[in-house]
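Dear colleague,

I am writing to hand over the structure shown below. My notes on it follow, and I would be grateful if you could read them alongside the model.

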Amino acid sequence: MGSIKMCHMMLFFAVLSAVLAVTFGDNSTDSYWLLRIKSELVDPVGVLANWSSRTNICSWNGLVCSDDQLHIIGLSLSGSGLSGSISPEFSHLTSLQTLDLSLNAFAGSIPHELGLLQNLRELLLYSNYLSGKIPTEICLLKKLQVLRIGDNMLAGEITPSIGNLKELRVLGLAYCQLNGSIPAEIGNLKNLKFLDLQKNSLSSVIPEEIQGCVELQNFAASNNKLEGEIPASMGNLKSLQILNLANNSLSGSIPIELGGLSNLKYLNLLGNRLSGMIPSELNQLDQLQKLDLSSNNLSGTINFLNTQLKSLEVLALSDNLLTDSIPGNFCTSSSSLRQIFLAQNKLSGTFPLELLNCSSIQQLDLSDNRFEGVLPPELEKLENLTDLLLNNNSFSGKLPPEIGNMSSLETLYLFDNMITGNIPVELGKLQKLSSIYLYDNQLSGSIPRELTNCSSLSEIDFFGNHFMGSIPSTIGKLRNLVFLQLRQNDLSGPIPPSLGYCKKLHTLTLADNKLSGSLPPTFRFLSELRLFSLYNNSFEGPLPESLFLLKKLGIINFSHNRFSGSILPLLGSDFLTLLDLTNNSFSGPIPSRLAMSKNLTRLRLAHNLLTGNISSEFGQLKELKFLDLSFNNFTREVAPELSNCKKLEHVLLNNNQFIGMIPSWLGGLQKLGELDLSFNFFHGTVPAALGNCSRLLKLSLNDNSLSGEIPPEMGNLTSLNVLDLQRNNLSGQIPSTFQQCKKLYELRLSENMLTGSIPSELGTLTELQVILDLSRNLFSGEIPSSLGNLMKLESLNISFNQLQGEVPSSLGKLTSLHLLDLSNNHLRGQLPSTFSEFPLSSFMRNDKLCGPPLESCSEYAGQEKRRLSNTAVAGIIVAIVFTSTLICLVLLYIMVRIWCTWRKVMILSSDGGGTEHNIEEEKWDYGDEKKRKGEYWKVNTMALVPSQGKQNLSSPTCIFQLKMDSETMETTMV
């Protein structure tokens, strides 16, 4: 009420100022105000050029004068290209009945002063750039019949005072940014015939009071956020002809009361959450021309439809939960049905022959259902059919040749079925056929050359069948061909040169076949080509230089072929976004011309014979996201200009011959998700700056010559899944910051020179799954029991280290473990029982491990005891042998002495002493003399006797030389 009183006061002062202006000056005339309004507007095309004080105002463009030529009653400047703001000074044109500024470029808010135009009947401001709220003062225009201010940027709620406009017949507020609810006061507009609230953000429910708009003929509130049920009271709107509530969040069932809207011609409820069965009462809508209930949760059958709906032209029930088959009375010869859309339901059975009665059908969509069986030859009865969509069903059998008699057919979608056999040559008669999609079937045979007679063909998709043979040599006759998809078949032979004459071709996909040969030079004529895909074939040879003329190419995939030579012919386009030449034999350097493709996002040149280095021009590829140059022969250092490619997400330079240090500027690539520099000749340390790549998922630096410690900044890579640093010369300990890499599922640090103990923090990396490989390092200490927390781990290798102690029992809980290697350490003690299934090689060359699959620990203990007794036995045996040897030597000595004594006695007792004795004595002298106390002692044949000067006497009988005290020896021998 306050705002209404204020409006009245404003109105009073405005009228007062107008009276005073008339009394005291001549600037009150309409021409004065219009010229002032003109001065504030931008008029690029001169529509207001004749607005001048020198001409009669009634001759000005866009104006309508009253009968007495004294006042302006109409101003219509719709579509005049005007811009600026709507002037408040329009309020001075008090006789104005029509103000039409629609379809211009006015901006700013709607001036509230327009509420002073009390004679205004039509206000049309739609299709501008107006913003702000709808001024409540407009609701003071009691005579207003038409208010169309939609297609602007108006926001806020619809004021309840809109119900004061009792004369209103048309209310257009569509295509704005209005929110809030539809005010219940809308029901006060008894004369309202047209209500358009589409494309806003209106919410809440549709008010029951809308039934008060008894004259309403058109109600459109689609594309909002309305919820709740459709009011049953809407069945009282007997004049309603159009009801459009599409794309909201309405729920519940369709009210049966809608069946009473006898004048309804258009009912659109698509894109809501309506459920339940379709009410049979809708059969009473005998004026209905279009019924769209698509994209809801409606269930049941479609038996509701009967022959009463003779005016129905469009039936759209797609994307629901409808079941069963199509009823027999669905279509009659008197039907007006032109479009039937029943896609994305659960309809079943064979192709509904009942539809063949509807000779008027132009579009039939039964896709994404459960239909099966063969396609009937009687399809040819649908002589007016332009679009036949039967894709995503279970149709089988062969294509009926009779389809070739459907002379009006333009679109044929049969993809994703189980159709077999050949393509009938009769299809070549379809001169209007524009699109044929047969992909994902089981069609075989060759592609009939008769198909190239369909001169209107613009799209062909035969992907995923079993077509064999060559591409028809006459394919060049299809001069309107835009899209050709023959991927994943068994086609062979070369590409026919005539294909180059399909000059409108945008997409050419021949991948995944057995095609061979070189590319025809006629391809230079494919100047409209955007997508060119030939991967997984056997094409060979250098590329035709004329391909450089294809200036619109955006996507090229020639991977997995045998192409050779330079890649330059593919770089003629400045619009390349993807270039994939993986697995070929391209050679030479990457041409600098590539840098002209400023929009390139994916560059894959892996597995070729490319040489040279990454040139500085790469830095111009600012949109590059994927760079794969792996498995080539690139050399030198990585160009620092690559640091300008800030959008890089994947950098794969592995298996080349790059040298130098790993660039620290890689840490500035904030979007980097994968970095693979493995199998190169990088040296130096791992740059700590890599820790800034917070989005990194995979980091592979293995098989280089990196040294130094692993930087603790690696712990900042909290998104990391894979870290591979194996086969380098890294030293030091594993940083404890690794515990921050909670998403790691693969960690490889083997074959380095890492030292210290295995950090217990590794046990917190519970996402480790693929492998934890710490083998062939210098780790010492015990295995941390925390590794038993890695429940997802499938492979653990800590072999060839210097680990000690027992194997923690917690490792026995690793039930996902498939590969385990603890060999070549100093481990001892009992293995967890769950390790029994692993091979012996997993535990070999340790100190004292036992338990399955090794010997049991009890047997091992017995063997230890036996091992101790054996040692004792060995000692005893050694002692016995030594003692026995000593005794034998003593006995031998005694026996020799006894024998020597016996021999002496025998000689002394024999005849011929004297000289004979001296000779015998000489004969048997040992010949070895020892000097003791100034005398020589001789070991002769029988005794040791002093020798008085005789030397070098020998005796072969005695084998010992002894130096003994003479007195002792004489005593012994006597």
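Of the 974 residues in the protein chain, 48% are buried. Please bear in mind throughout that this is a predicted model. The chain contains 5 helices and 68 strands. Among the contacts with a separation of 6 or more, 48% are made by residues 24 or more positions apart.

**Strand pairing**

I begin with strand 9, which covers residues 153-157. Its side chains alternate: Leu154 and Gly156 are buried and point to one face, whereas Met153, Ala155 and Glu157 point to the other face and are not buried. Such alternation between the two faces of the sheet is what a regular strand shows in general.

Strand 9 has a parallel partner in strand 7 (residues 129-133), to which 3 bridges join it. In that pairing, Ser131 has Met153 of strand 9 as its bridge partner. Strand 9 also pairs with strand 11 (residues 177-179), again in the parallel sense and over 3 bridges. Here the bridge partner of Ala155 is Gln177, in strand 11.

A second set of pairings involves strand 54 (residues 705-709), which pairs in the parallel sense with strand 52 (residues 681-684) over 2 bridges. Ser705 of strand 54 is the bridge partner of His683. Strand 54 pairs with strand 56 (residues 729-732) as well, in the parallel sense over 3 bridges. Within strand 56, Ser731 stands opposite Glu709.

**Buried residues in loops**

Three loop residues deserve a separate description. Leu282 lies between strand 18 (273-277) and strand 19 (290-292), in the connecting loop. Leu282 counts as buried because its relative accessibility is 1%, and the cut-off for buried is under 20%. Apart from residues up to four places away in sequence, Leu282 touches Leu258, Gly259, Leu267, Leu293 and Leu309. Leu309 is 27 residues from Leu282 along the chain, and the C-alpha atoms of the two are separated by 8.9 Å.

Pro400 is found in the loop that runs between strand 28 (394-398) and strand 29 (411-413). With a relative accessible area of 5%, Pro400 is buried. Its contacts, leaving aside neighbours within four places in sequence, are with Leu375, Pro376, Pro377 and Pro424. Between the C-alpha atoms of Pro400 and Leu375 the separation is 6.8 Å, although these residues are 25 residues apart along the chain.

Asn777 belongs to the loop between strand 59 (771-773) and strand 60 (780-782). At 4% relative accessibility, Asn777 is counted as buried. A polar atom of the Asn777 side chain lies 3.0 Å from the backbone nitrogen of Leu754. Leu754 is also one of the residues that Asn777 touches when those up to four places away in sequence are not counted; the others are Leu749, Ser750, Glu751, Asn752, Met753, Phe800 and Asn801.

**Backbone geometry**

Most residues other than glycine have a negative phi, and most peptide bonds are trans. The residues below may be read against that background.

Gln488 is not a glycine, yet its phi is positive, at about 60°. Gln488 sits in the loop between strand 35 (483-485) and strand 36 (490-493), and at 39% relative accessibility Gln488 counts as partly exposed.

Asn583 likewise has a positive phi, near 60°, in a residue other than glycine. The loop that holds Asn583 lies between strand 43 (578-580) and strand 44 (585-588). Asn583 has a relative accessibility of 28% and therefore counts as partly exposed.

The peptide bond from Pro852 to Pro853 is cis, with omega near 5°. Pro853 is placed in the loop between strand 65 (848-850) and helix 3 (857-908).

**The second largest pocket**

Finally, I note the second largest pocket, which holds about 180 Å³ of space. Its lining consists of 10 residues, and those nearest its centre are Phe843, Asn846, Asp847, Leu849 and Leu854. By type, the lining divides into 5 nonpolar, 1 polar and 4 charged residues.

Yours sincerely

Terms used:
Residues numbered from 1 in each chain as written. Predicted model: local features only at pLDDT ≥ 70, side-chain atom pairs only at ≥ 80, totals over all residues. Heavy atoms only, no water. Helix = DSSP H or I, 4+ residues; strand = E, 2+ residues; numbered from the N terminus. Buried < 20%, exposed > 50% of the residue type's maximum accessible area, 1.4 Å probe, protein only. Polar contact = N/O pair within 3.5 Å; in protein donor to acceptor, adjacent residues only side chain to side chain. Contact = heavy atoms within 4.5 Å. Pairing = 2+ DSSP bridges. 1 Å grid on protein atoms, 1.4 Å probe; cavity = no way out; pocket = protein on both sides within 12 Å on 5 of 7 lines; lining within 4 Å. Points joined across faces, edges and corners; volume = space filled by probe spheres on them. Nonpolar A, V, L, I, M, F, W, Y, C, P; charged D, E, K, R; others polar.
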